[in-house]
Structures are given as structure tokens and as C-alpha cells.
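Biologist: Got a minute to walk me through this model? I'd like to start with the packing.

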Amino acid sequence: MKALALFSGGLDSLLAIKIIKDMGIEVLALHFNIGFISKKDKTQRLEEILSQIDVPLRVLDIRQQFFSEVLFKPQYGYGKYFNPCIDCHANMFSHALGMLESEGASFVISGEVLGQRPKSQRAEALGQVEKLCEGNGLIVRPLSAKLLPPTLPETKGWIDREKLLDIHGRSREMQLKLIKDYGIKEYANPGGGCLLTDTSIAHKLKDLQSHREVVFEDMEMVKFGRYFVLPGGARCVISRNEEENANLDFIHPKMNKIELVNCVGPLGLVEKESNQEDKELAIALTLLYGKTQKEQHYQVRFEGAILERMPYSSKEEAKQYLLQNQGA
């Protein structure tokens, strides 16, 4: 008997896997990359966590499919921010259920806890997920199973319902006790959330959606940098540090790069369709956040040319263009 597990790296999904594995069932952990789980690659960290219970990991990149089919048209709407949690969970389950035959597995498990999250882990929401992904009774939630209707693996005797748990609510007291009992030392911090529940990222996505067609590359762009709305309507992004320079240094069909030539500083992005005034302002703002001096000229590479421009007047003045200050 084999099960596929949705694995976030967190406490709950790790415990769910451990409980099922201890019944003598082989488990393959699946981590679905939707583009908003983390700003960094978590693969090595996830493998280290799973090594404690000797379970293999497979990371599946579903970013394009999630962007095209789920992010902007969730059947069950969004949570408080830009998080389509119910549809997102159902989408992951759909992928996992679709892999059962090829992996020789019989059912899917997850670490969801009844009542832990107000949007996606209510009893009604779990039912909506089951309906959306056509789970057909093959989804087991070991931590709360005794509070939920018996699943097919339970009624058929594949797993022992008596060894499943009845955890409910936001307290993780029982989970922390179990982790200690199992001797598990490493796990992702409880309560860690998807980046779509980050206020800044949610606001950027909402702004872009109201401004123009959102493209796949925007999923990466909204995770980094200072985000400006310029007077002519253009959007501009300027990195905060060297790491963000690297993260924003990719080809974006809607944005042009602003690269500093003879001074150290950030990478800037400004929309290709901007008017000339906004482009000039974006260049000046990019220079402002570099190691530059007021009223001195510096070289900038932009739209295939080397230009000489001066930094914007001051960071205090520049704050008026930041997205979070719009309408303030």
C-alpha cells in the first residue's frame, strides 16, 4: 500500500506523513511549487526535514498551470488578501489524485486540521475541496480524521481509523507534543503562510490586475523590490539589494530594465508602454537608490542606449510614488 502526501514542510503535513507511515504504508511526499510558497528554493530544506522519517520528496512545478487556471478565477473566491485557498488546495489534490495510478498509490493525505484556518479548513471548505478535485473519498486528513466522515481507505481497512487523530482548532499543543514524542527536531515554523497572504504582494497583484493584463512573469516581479505608481500611470519596480537585483534580472515582456553603469546600485524595471516623462522619472528613482550624489550625472543603460542622468531629488520626495502611499 502506498500513499501520496501533500507536503508543505510544516509541522502538520510532517505529522500526517509520520502517522500513515507508521501504519506500514509507503509514502511519497509531493511539494507543489505554485510560485508563491517562498521567495527561495526550499527543496534542500524539505529533503532535510523528511530525512528524519525516511520519506522521499518530489517537487512539482505547477506555476504556469496555477497562474493560468486558478489564481485569477477561483470558483470559491479569495481569503482576506489575494489567496484562493480552497481552489488552490483542490488544484494540488487534483494533481496528486492524477498521479495515483502512475505512482502505484492508492490514496492521498494532507496535514490539514479542521478549524485551523478560517477560510480553507472549515468543514464546509474541506467538502468544497473534495467536490472541486473529485476526491471520491480518497483524501485522508490524519490529524482530524476522527472528526470527519470516514474515507474510503478507512472503510476498506487500508488504514486503521483508531490510529488517526481528532485535532481541532488553531492551537498546536497536540502537534508539538507529538513532534517531541516522535523525536523530530526539524520542521518549518508553525503558522508559515503563502506569499499570497502577504499584504504587500496582494496589493501589487490587485494593482496590476486593475492596471493591465497580468502576465506570468509578474508572479516573480511582485515578490521583490519597491513598487512605484508614476504620474503618467506607469508601474516601476526598483530592487532593494544585490539579491533582489539577481531575482529581478530576467526578461519580462511588459517591462524594460534600467541598469546603472558607472555606479553601484539597484536594478530598475519600468513598463515598456510608459510615456517619456515616466521613463525619465523611473531612471531618476533608480539612481536615487544607488550609491550616488545629488545633482551629479551618472551613466544608465536603458532601451539599448547609454544615457547620462541625475538621481531624483530625495528619498523622502520619492515616497509619494510608492504604491502603499497612493491615495494617502
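Modeller: Sure. It's a predicted model, where local features need pLDDT of at least 70, side-chain atom pairs count only at pLDDT 80 or more, and totals for chains, interfaces and linings use all residues. Residues are numbered from 1 along each chain as its sequence is written, and side-chain values use heavy atoms, with hydrogens and water left out.

Biologist: Which residues does Phe107 touch, not counting residues up to four places away in sequence?

Modeller: Contact means heavy atoms within 4.5 Å. On that basis, Phe107 touches Met1, Lys2, Ala3, Leu4, Ile20, Ile25, Leu100, Leu138, Val140, Pro153, Trp158 and Ile159.

Biologist: And which helix gives the most to the largest nonpolar core?

Modeller: A nonpolar core is a set of buried Ala, Val, Leu, Ile, Met, Phe, Trp, Tyr and Cys residues joined through side-chain atoms within 4.5 Å. The largest has 80 residues, and Phe107 is one of those touching the most other members. With 9 residues, the top contributor to this core is helix α4 (residues 85-103).

Biologist: Is Leu230 buried or exposed?

Modeller: Leu230 sits in the loop between β6 and β7. Buried means under 20% relative accessible area, exposed over 50%, partly exposed in between (1.4 Å probe, protein chains only). Leu230 has 3% relative accessibility, so it counts as buried.

Biologist: How far apart are the end C-alpha atoms of helix α8?

Modeller: The expected span of a helix is 1.5 Å times one less than its number of residues. Helix α8 has 13 residues (199-211), so it should span 18 Å. The model agrees, with the end C-alpha atoms apart by 18 Å.

How values were computed:
Helix = DSSP H or I, 4+ residues; strand = E, 2+ residues; numbered from the N terminus.
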